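Visitor: I should like to see how each label is justified by its definition. Please take the terms one at a time and set each value against its cut-off.

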Amino acid sequence: SQLEDLTGSSRIVRSMPNLGAKIGRSVTGWSASGDVSETDRDHIKLLFSAIGMSVELSSEELIDPFSVIAGSGPAYVFGLAELLQANAETTLGLSSKDASKIASEVIAASSQLLDEGSKSAAEWRKAVTSKAGITEAVITSLTDKNIQQTFDDALAAGTLRSKSLSKDHD
């Protein structure tokens with residue numbers, strides 16, 4: 001509404017790209033005001049396709065949780081890479097360079113498998129998790145520490161912060 005007041009236009013689009021735009025793989029969420037036509041929406045999709053994929057959100061209120069998932073998502077993946085690298089350095093005695101490359105390749109290969117679309121993330125996780133095996137021990141430990149609830153709580157905190165930042169500009 002502030003932009004409408006400032007510009008005199010009711011054709012407003014709010015978007016949230018992510019870091020993937022640097023390599024043409026952004027995941028951009030966007031929401032359009034009611035006066036944005038279907039032709040405009042097609043142009044918006046075309047515009048965002050230049051930097052990756054886009055998702056039209058059904059309301060502007062979804063930009064905040066979208067930002068927490070996709071906008072900040074790369075940081076969570078980089079955080080996982082940091083953990084894998086640090087552990088490879090400390091437990092295996094690998095150089096920082098080798099440990100970093102291992103973490104990077106594990107994440108890149110996993111991402112590529114997801115991109116192929118033959119299985120969901122849950123199906124791939126189950127495929128790697130042998131009964132009573134190493135992966136199951138790690139997953140069980142994470143589950144016992146309630147990693148799902150911890151992550152859900154963290155994302156909720158991020159959403160609250162995003163909403164708070166939005167209100168700071170009202």
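**Labels and their grounds**

Visitor: Why is Ala132 counted as exposed?

Guide: Ala132 has a relative accessibility of 68%. Exposed means over 50% relative accessible area, buried under 20% and partly exposed in between, with a 1.4 Å probe and protein chains only as cover; Ala132 is therefore exposed. The model is predicted, so local features need pLDDT of at least 70 and side-chain atom pairs pLDDT 80 or more, whereas totals for chains, interfaces and linings use all residues. Residues are numbered from 1 along each chain as its sequence is written, and side-chain values use heavy atoms, leaving out hydrogens and water.

Visitor: What makes the phi of Ala132 worth a remark?

Guide: Most residues other than glycine have a negative phi. Ala132 is not a glycine, yet its phi is positive, at about 65°. Ala132 belongs to the loop between α6 (121-128) and α7 (134-144), where helices (H or I, at least four residues) and strands (E, at least two) are DSSP runs numbered from the N terminus. Asn146 also carries a positive phi, near 55°, and is found in the loop between α7 and α8 (147-168).

Visitor: Which class of accessibility applies to Asn146?

Guide: Its relative accessible area is 40%, which makes Asn146 partly exposed.

Visitor: What makes Asp40 and Arg11 a salt bridge?

Guide: Side chains of opposite charge can pair when their charged atoms come close. The term requires a side-chain nitrogen of Lys or Arg within 4 Å of a carboxyl oxygen of Asp or Glu. The closest N and O atoms of Asp40 and Arg11 are 2.7 Å apart, so the pair meets the definition. Asp40 is in helix α2 (residues 38-49) and Arg11 in the loop between α1 (2-7) and β1 (13-16), so the pair ties together parts 29 residues apart in sequence. With 16% relative accessibility, Asp40 counts as buried.

Visitor: How do you know that Glu60 and Arg14 form a salt bridge?

Guide: Their closest N and O atoms are 3.2 Å apart, so this pair also satisfies the cut-off. Glu60, in the loop between β3 (52-56) and α3, and Arg14, in strand β1, are 46 residues apart, so the pair links distant parts of the chain. Glu60 is partly exposed at 41%, and Arg14 is partly exposed at 29%.

Visitor: Why are Lys101 and Glu105 said to be separated by about one helical turn?

Guide: They are four residues apart in helix α5, hence the description. Lys101 and Glu105 form a salt bridge, the closest N and O atoms being 3.2 Å apart. Elsewhere, Arg14, Glu60 and Asp64 are joined into one network by salt bridges that share partners. The whole structure contains eight salt bridges.

Visitor: Why does Asp64 count as buried?

Guide: The relative accessibility of Asp64 is 7%, so Asp64 is buried. Asp64 lies in helix α3 and, beyond four places in sequence, touches Arg14, Thr159, Ser162, Lys163 and Ser166, contact meaning heavy atoms within 4.5 Å.

Visitor: What makes Leu80, Leu83, Leu84, Ile102 and Val106 a nonpolar patch?

Guide: Patch residues have over 30% relative accessible area and no salt bridge; nonpolar side chains (Val, Leu, Ile, Met, Phe, Trp, Tyr) are joined within 5 Å, like charges within 9 Å. Leu80 has a relative accessible area of 44%, so that value passes the cut-off. Together the five residues offer about 440 Å² of accessible area, by the Shrake-Rupley method with a 1.4 Å probe. α4 gives the most, with three residues.

Visitor: How are α3 and α4 known to pack, and at what angle?

Guide: Two packed helices are described by the angle between their axes and the distance between the axes. For α3 (residues 63-71) and α4 (residues 73-92) the values are about 35° and 5 Å. Axes are lines fitted to C-alpha atoms over the stretch in contact, and angles run from 0 to 180 degrees between N-to-C directions. Val68, Ile69, Ala70 and Gly71 in α3 meet Gly73, Pro74 and Tyr76 in α4.
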